[in-house]
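Here is a short set of exercises on cysteines and nonpolar cores, each with a worked solution. Grab your viewer and try each task before reading on.

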Amino acid sequence: MAPHLNIVPSMFVLLLLFISASKVQSDAFDVVAKFGAKADGKTDLSKPFLDAWKEACASVTPSTVVIPKGTYLLSKVNLEGPCKAPIEINVQGTIQAPADPSAFKDPNWVRFYSVENFKMFGGGIFDGQGSIAYEKNTCENREFRSKLPVNIRFDFVTNALIQDITSKDSKLFHINVFACKNITLERLKIEAPDESPNTDGIHMGKSEGVNIIASDIKTGDDCISIGDGTKNMVIKEITCGPGHGISIGSLGKFQNEEPVEGIKISNCTITNTSNGARIKTWPGEHGGAVSEIHFEDITMNNVSSPILIDQQYCPWNKCKKNEESKVKLSNISFKNIRGTSALPEAIKFICSGSSPCQNVELADIDIKHNGAEPATSQCLNVKPITSGKLNPTPCSGPVPKTPGATA
């Protein structure tokens with residue numbers, strides 16, 4: 001009897017897998033074949049895409065929306081759940097946004113809202129066509145910037161896998177993750193010119209269990225930026241640059257910001273960026289907390305500020321410079337970080353005078369300055385815990401009375 005009992009469950013599992021695969025195949029919603037979309041780069045994809053989504057979302061069996069190869073114009077789309085079963089989008093083509101920023105009245109282009117058990121894949125491209133927006137997006141033109149759309153928004157999405165997708169030339173952030181849980185972004189390609197303003201690669205806030213893995217990010221702002229309320233996050237195998245590095249923050253700008261905790265960034269390569277591994281908080285303003293942040297096994301290539309804690313973050317010199325940051329930083333480590341710095345100040349810890357950084361660790365650091373001067377390390381309101389080989393020597397350089405603004 002024993003052999004029979006072992007075989008039956010195995011056959012049952014195979015049968016279930018076959019039935020499941022058949023259902024997924026039969027429940028495919030092709031936007032061209034079934035919903036009349038045209039891959040001519042001129043006809044708006046919005047209605048066929050939304051109609052396909054609604055029908056797939058209403059299916060009681062797993063379903064897939066398919067966007068075949070070709071070039072599509074998409075004015076905007078809001079894809080809402082909850083859906084009745086797991087749902088996928090297979091994006092094979094190139095989806096283009098209107099190039100004219102005036103076509104947008106709010107910061108949304110492609111938005112997923114309140115979706116659970118979701119996957120997007122297929123090798124397709126979301127092209128924000130942002131070149132006109134870059135010319136007009138200045139620090140003085142806030143009203144214009146407030147209406148620029150993010151390429152892809154994930155709001156209140158749970159249990160999701162985003163894989164093998166490209167985001168290109170977004171008018172603002174490429175991907176925004178808000179109030180999500182258990183979402184993995186893997187093998188993404190993000191690209192925009194190095195002078196494109198506010199084009200963060202992936203930004204997130206108030207989310208838990210986010211994983212960003214094996215992705216290539218070239219943009220004009222932070223490759224990855226981590227906002228308040230982010231917890232238990234893994235970032236690994238990222239190539240970043242050009243851009244502004246991988247950043248915790250900025251934090252402390254707004255009231256009632258939630259703590260950031262449990263972030264591990266490892267096995268990354270950062271090249272030709274203004275910053276590398278960075279934590280940034282505003283002086284004055286409001287309180288907050290950052291803890292259990294760990295940068296490990298990172299290669300820096302010609303990075304202006306490879307390791308940076310900046311609690312006097314003040315872009316465009318618009319801040320309360322004479323006040324201390326109220327954000328508390330603790331239990332932060334930088335381990336096995338090596339490479340080259342474009343400026344002599346390879347390590348800068350500019351902590352708050354009213355709430356000094358606690359338990360900051362440096363271990364096995366080897367960063368050389370590309371120029372004639374040796375690399376230096378600056379420390380303000382912090383006494384780092386050190387171990388292993390350390391180049392430059394921790395806290396070996398003087399801190400200027402007015403540290404320079406960073407982007």
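**Exercise 1. Is Cys395 buried, partly exposed or exposed, and what about its partner?**

Step 1. Cys395 has a relative accessibility of 34%. Buried means under 20% and exposed means over 50%, so Cys395 counts as partly exposed. Keep in mind that this is a predicted model.

Step 2. Now for the partner: a disulfide joins Cys379 to Cys395, with an S to S distance of 2.1 Å. That pair links distant parts of the chain, with Cys379 in strand β31 (residues 376–380) and Cys395 in the segment after β32 (385–391), 16 residues apart.

Step 3. Cys379 has a relative accessible area of 17%, so it is buried.

Step 4. For the handedness, take the torsion: it is -75 degrees about the S-S bond of Cys379 and Cys395, a left-handed link.

**Exercise 2. Which cysteine is joined to Cys57, and where in the chain do the two sit?**

Step 1. Look for the sulfur partner: Cys57 is joined to Cys83 by a disulfide, S to S 2.1 Å.

Step 2. Place both ends. Cys57 belongs to helix α2 (residues 46–58), while Cys83 is in the loop between β5 (77–80) and β6 (87–91); the two are 26 residues apart, and the pair links distant parts of the chain.

Step 3. The torsion about the S-S bond of Cys57 and Cys83 is about -105 degrees, so this disulfide is left-handed.

Step 4. Check accessibility at each end: Cys57 is at 7% and counts as buried, and Cys83, at 18%, counts as buried too.

**Exercise 3. What is the handedness of the disulfide between Cys351 and Cys357?**

Step 1. Confirm the bond: the sulfur atoms of Cys351 and Cys357 are 2.0 Å apart and form a disulfide.

Step 2. The torsion about their S-S bond is about -100 degrees, so the disulfide is left-handed.

Step 3. As for burial, Cys351 has a relative accessible area of 1% and is buried; Cys357 counts as buried at 6%.

**Exercise 4. How many disulfides does a search of the whole structure find, and why is Cys180 not bonded to Cys83?**

Step 1. The search turns up five disulfides. With the bonded cysteines numbered in sequence order, the pairing reads 1-2, 3-4, 5-6, 7-8, 9-10.

Step 2. Try Cys180 next. Its closest cysteine sulfur is in Cys83, 14 Å away, which is too far for a bond. Cys180 counts as buried, at 2% relative accessibility.

Step 3. Cys268 is in no disulfide either: the nearest cysteine sulfur, in Cys240, is 8.3 Å away. At 1% relative accessibility, Cys268 counts as buried.

**Exercise 5. Which residues have the most contacts inside the largest nonpolar core?**

Step 1. The largest nonpolar core has 90 residues, and Phe112, Phe118, Met120, Phe154 and Phe334 have the most contacts inside it.

Step 2. Ask which element gives the largest share of this core: strand β26 (residues 284–303) does, with six residues.

Step 3. Another core lies apart from it, made of six residues, including Ala133, Phe144, Val150 and Leu172.

Step 4. Finish by zooming in on Phe112. Skipping neighbours within four places in sequence, Phe112 is in contact with residues including Trp53, Leu79, Ile89, Phe118, Met120 and Phe154. Arg153 and Asp155 are also among the contacts of Phe112.

Methods:
Residues are numbered from 1 along each chain as its sequence is written. This is a predicted model: local features need pLDDT of at least 70, side-chain atom pairs count only at pLDDT 80 or more; totals for chains, interfaces and linings use all residues. Side-chain values use heavy atoms; hydrogens and water are left out. A disulfide is a pair of cysteine sulfur atoms within 2.5 Å. Helices (H or I, at least four residues) and strands (E, at least two) are DSSP runs, numbered from the N terminus. Buried means under 20% relative accessible area, exposed over 50%, partly exposed in between (1.4 Å probe, protein chains only). A nonpolar core is a set of buried Ala, Val, Leu, Ile, Met, Phe, Trp, Tyr and Cys residues joined through side-chain atoms within 4.5 Å. Contact means heavy atoms within 4.5 Å.
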